[in-house]
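The following exercises ask the student to read features from a protein model. Each task is followed by a solution in steps.

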Amino acid sequence: MIRNLYINGAEHEIPIAPSETLLTVLRRLGYYGVKHGCESGECGACAVLLDGKPVNSCVMLAAQAEGHRIETIEAVGQHPQQGWKLTPGLHPLQQAFVESGAIQCGYCTPAQILAAKQLLECNPNPSEAEVRDALSGVLCRCTGYLKPVQAVLRAAAILRGEEVAPVETPESGGPIPAPAEWLSPEGGESDLAEGLTEPTFEPPAGSTGVATHTRLMPRIQITPQAEAYRSVGKPEKKVDAVKLAQGKPAFAADFEKRDMLVAKVLHSPVAHARIKRIDVSRARQLPGVAAVLTWQDIPRVVYSTAGQSDPIPGPLDTFSLDYKVRYVGDRVAFVAAETEAIAEKALELIEVEYEPLPELFDPAEAMQPGAPILHDEPEYVNFGESDPKRNLAAHIHIDIGDVEKGFKEADYIFEGDYEVPKVQQAHIEPHVVITYWDEDDRLVIRTSTQVPFHARRILAPVLNLPVKRIRVIKPRIGGGFGSKQEVMVEDVAAHLTIATGRPVIYEYTREEEFIAGRSRHPMRVHLKTGVKKDGTITANAMRVLTDTGAYGCHALTVTGNTGHKSMALYVGDGPYRKAPNIQFIADVVYTNHPPAGAYRGYGVPQGYWPLERHMEKIARKLGLDPLEFRLKNALRAGELHPFSTAWSEGREPRPEIIETCALEECVRQGKAVIGWDQKYGREEWHQVPGKPHLRRGIGAALVMQGTAIPYLDMGGASIKMNDDGSFNLLIGATDLGTGSDTVLAQMAAELLGAPVEDVIVYSSDTDFTPFDKGAYASSTTYISGAAVAQAAARVAERIRQRAAAMLNARDKGLPPISPEEIRLANRHAIAPDGRSVTLAEVAHNALHHENQEQIMATASYMSPVSPPPFAAQFAEVTVDVQTGQVVVDRLVMAVDSGVIVNPLTASGQVEGGMTQALGYAVCEEMRYDERGRARERDLRDYHIFQAHEMPQLETIFVETFEPSHPFGVKAVAEIPMDGVAPAVGNAVLDACGAQVDNNPITPEKVWRALKPQE
Ligand code: FES
Ligand code: FES
């Protein structure tokens, strides 16, 4: 029927089906600023204003909106300059979001801005709690909500006509040098450090106490920086923030293609079965169905969905479609139809007869002799010690030194068993892909991927196409956190485009994300540690049993990293420091659960939960200060990474010395900020006056990660100069919301003497950008950044040469200038005597006037090392000892991630990572019933933190200059995931003595742990 909708001030007369939601209609009309992440009213990404009030458009019928005023982000503000036309510009809220670093992936941003707009229209002077309440309906998985809240408060002040200071972080004047004693072990006391670290006990002024704002602490510079930077180190605005604040059609699904079909997948309702019979004839006959594919219709090509470099370090055990299903949610058939409703109807018409096979849900049982075999297909390709006959996707055995000898030398042996759960990445933008044939009969794959180049390589044999006939375009990504390092949806749409010749869109529903997506590997961990009376660790052994689920994607590498990056931290002291005794043994086992995969942290959080809980117990049993005990045994700068000679993701290991490690200073700064000495062990602080059922506790964890995979990860960058002295930076690197496009632009701008706004970033497209391994392993700033720096240095060299020639030709009577003397700054090439030419003049000269050339350069970088970032993470909790309820009040992270290129984006990474890790600590878990059916299938049952539930977050950057990188950087993206859960666990122990060894720390577990003591 025809309906009149009044959208953004204009009347639309449009045909609307009675069942169509407002979301569907708005997107059909091209309002792509209206996003969607669940379509069941939970995520809030689809919010629009209806008569000025936010509503979730996915749960409202379009017809119901007739007669109401609909406002989307497209009506809120626009770019201030559109050629000759000047516009009113961005709305103050949009401007504040851009300036405050409130936008990470930007997928939730339009809805957040609309919710805030409504708040400020009703309440121009909201408290922080009121802002958090207003944003609580819009889930954000990236930011930790801190910066969005700050942005709304800032915009409110601007709208009230108040003066607001420019957004600057405390370190915007440059890093503060470290105290003298940290530069030399013999150094004396420094009052600077004391001044910087005054402990804070009260929430910051203006806080409502619900949740307070994060303070970004001054950076502490441990090792001197080579030179002062102009752009690197500054809180530059994100290069993509303006478009994201306007809700521009930047994401994979924000794309129109004539005759596009909608794909749907029939998922298995059973955990393990052979497909005895499948009849798709009724589905194929349904009007509007363009194709139905089963395993009989497509080539049988074995592959791995893990988006990793060649050769993939894991077994090849997956088919696009198979005659067996191995978990509830496995693929059975693909459908492409004219509409989503027809595709769904077609799924119902497919008849499948399953021959049940024995189901395996316990990894320990799956390894037993005689257990049913999940992968008996002859095409299976082993990697390393995978053994499908034993349901082993991977086996790892690493011996460093001799643990048995170390145990004999110990005065005490401590053993413990721990478990970590399966959890979801839960990015708000679902997996989505659009495929089509272009005019050259090349298959275009526009997809929300972290690994466009790996996706192209992996898909080529699966689709029976050469790599050169596939083009993968990675548009803006709405978060990934490792989940989009998997090639899971691209083959579905591609097979259907091949079958039909038509464009196809395939997008996971939120339920599909839960039942068919990937997750963090659950593990059971046994730890055995030998310790001398003085606290010296003599040997440390970890034994891990991992449930990889039905397929072995990332099986070896995730679990390997569990040992590689957690067990490396404590080498022991004295002679053990030089010759540590460490053992790591792991079995990664197939079961009939949905497959696990890559998730931010990549196995390392699974290692630090047991390790840091174990270290806490040892320290307490021996009566040692838990932080001094840890630091006594922790790895230090100048020492060999103990695992570097033992294991390297299935490749040849090579020795690596730790060049920079500011762990000790991280501990000191973090302790001071959280007020450790005033709280730990102080009985009066543990009590909550007037509330005897509440107990406060404080806990800590030390962690390290890695930065890229040495001798493997490679990134390329290409830079070309334009007529006006601006530059195009083409990179294969993939910004998932991390801000990598921005920090890479900052590095280029630094070397080219241009502002960041003159560096136009394009990422990534396998046809136009250089190869990059993609976004994983915390590698982009380090690896791709080094490639950008090299390419920029080459372009800068050409500019200097040409500028010197121009100056010498122009100023004939003056002493000649050599290119080496010229420096690039402020869009100029400047000689030592002050003479200069502009970059635009150099570009014009090169492109149009003399010895014409395109000034451009390409570079690539691969690192021989993986310098670890280090961090000290702290948590403060309040526990209700009657109910077991744990409230996390405060999280502090002091991190050594090398030089921080952009403190706004980096602190955003830390805040967002800590928030995800907080879910791992206290509430997130994917559970299954006795037949392997997922219990959590939506964002209602699977709870992620909302804006009004957050604790206080504080970030301290302790800077070192990593000498292996031109700008001294190390990774920051993953390490915030590692220590929050054990720090919270240790704080709960501190508060009430509850020993919860399996996260998440739910009220029930705390209550049970406390029960025997009553
Ligand atoms: S609430 Fe509408 S898409 Fe999630
Ligand atoms: S920035 Fe909020 S979901 Fe990514």
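Helices and strands are DSSP runs, numbered from the N terminus. The model is predicted.

**Exercise 1. Determine where Val467 lies and which residues it contacts, leaving aside neighbours within four places in sequence.**

Step 1. Val467 belongs to the loop that runs between α13 (452–463) and β21 (470–473).

Step 2. Its relative accessibility is 33%. Buried means under 20% and exposed means over 50%, so Val467 counts as partly exposed.

Step 3. Apart from those neighbours, Val467 is in contact with Arg456, Arg457 and Ala460. For Arg456, the separation from Val467 is 11 residues in sequence, and the C-alpha atoms are 6.5 Å apart in space.

**Exercise 2. Check the span of helix α5 (residues 146–159) and state whether the helix is mostly covered or mostly uncovered.**

Step 1. The expected span is 1.5 Å times one less than the number of residues. For the 14 residues of α5 this should give 20 Å, and the end C-alpha atoms are 20 Å apart, so the two values agree.

Step 2. In α5, 10 of the 14 residues are buried, and the helix is mostly covered. Among the buried residues are Leu146, Val149, Val152 and Arg154.

Step 3. The partners of these buried residues in packing are α2 (92–99), α3 (109–122), α4 (128–135) and α26 (903–922).

Step 4. Just beyond the helix, Gly161 has a positive phi of about 85°.

**Exercise 3. Describe how the buried residues of helix α25 (residues 839–849) are arranged, and how α25 packs with helix α24 (residues 780–810).**

Step 1. In α25, the residues Leu839, Val842, Ala843, Asn845 and Ala846 are buried. Because they cover an arc of only 160° around the axis, they are on the same side of α25.

Step 2. Two packed helices are described by the angle between their axes and the distance between the axes. For α24 and α25 the angle is about 90°, and the axes are 10 Å apart. Angles of 65 to 115 degrees count as roughly perpendicular, and α24 and α25 are therefore roughly perpendicular to each other.

Step 3. From α24, the residues Ile799, Arg802, Ala803 and Met806 take part; they meet Leu839, Glu841, Val842, Asn845 and Ala846 of α25. The residues of this contact comprise 6 nonpolar, 1 polar and 2 charged.

**Exercise 4. Which residue just after α25 takes a positive phi, and is it buried or exposed?**

Step 1. The residue is Asn851, with a phi of about 40°. The value is positive although the residue is other than glycine.

Step 2. Asn851 is placed in the loop between α25 and β33 (856–862). With a relative accessibility of 67%, Asn851 counts as exposed.

Step 3. Asp441 may be treated in the same manner. Not a glycine, Asp441 has a positive phi of about 60°, and its place is the loop between β19 (432–437) and β20 (443–447). Its relative accessible area is 47%, so Asp441 is partly exposed.

**Exercise 5. Locate the cis peptide bonds that join Ser763 to Ser764 and Asn999 to Pro1000.**

Step 1. For the bond between Ser763 and Ser764, omega is about -10°. Ser764 is in the loop between β29 (759–762) and α24.

Step 2. For the bond between Asn999 and Pro1000, omega is about 0°. Pro1000 is in the loop between α27 (980–992) and α28 (1003–1010).

Conventions: Residues are numbered from 1 along each chain as its sequence is written. Chains are lettered from A and ligands numbered from 1 in the order in which they are written. This is a predicted model: local features need pLDDT of at least 70, side-chain atom pairs count only at pLDDT 80 or more; totals for chains, interfaces and linings use all residues. Side-chain values use heavy atoms; hydrogens and water are left out. Helices (H or I, at least four residues) and strands (E, at least two) are DSSP runs, numbered from the N terminus. Buried means under 20% relative accessible area, exposed over 50%, partly exposed in between (1.4 Å probe, protein chains only). Contact means heavy atoms within 4.5 Å. The arc is that of the directions from the helix axis to the C-beta atoms. Axes are lines fitted to C-alpha atoms, for helices over the stretch in contact, and angles run from 0 to 180 degrees between N-to-C directions. Angles under 35 degrees count as roughly parallel, over 145 as roughly antiparallel, 65 to 115 as roughly perpendicular and the rest as oblique. Ala, Val, Leu, Ile, Met, Phe, Trp, Tyr, Cys and Pro count as nonpolar, Asp, Glu, Lys and Arg as charged, and the others, Gly among them, as polar.
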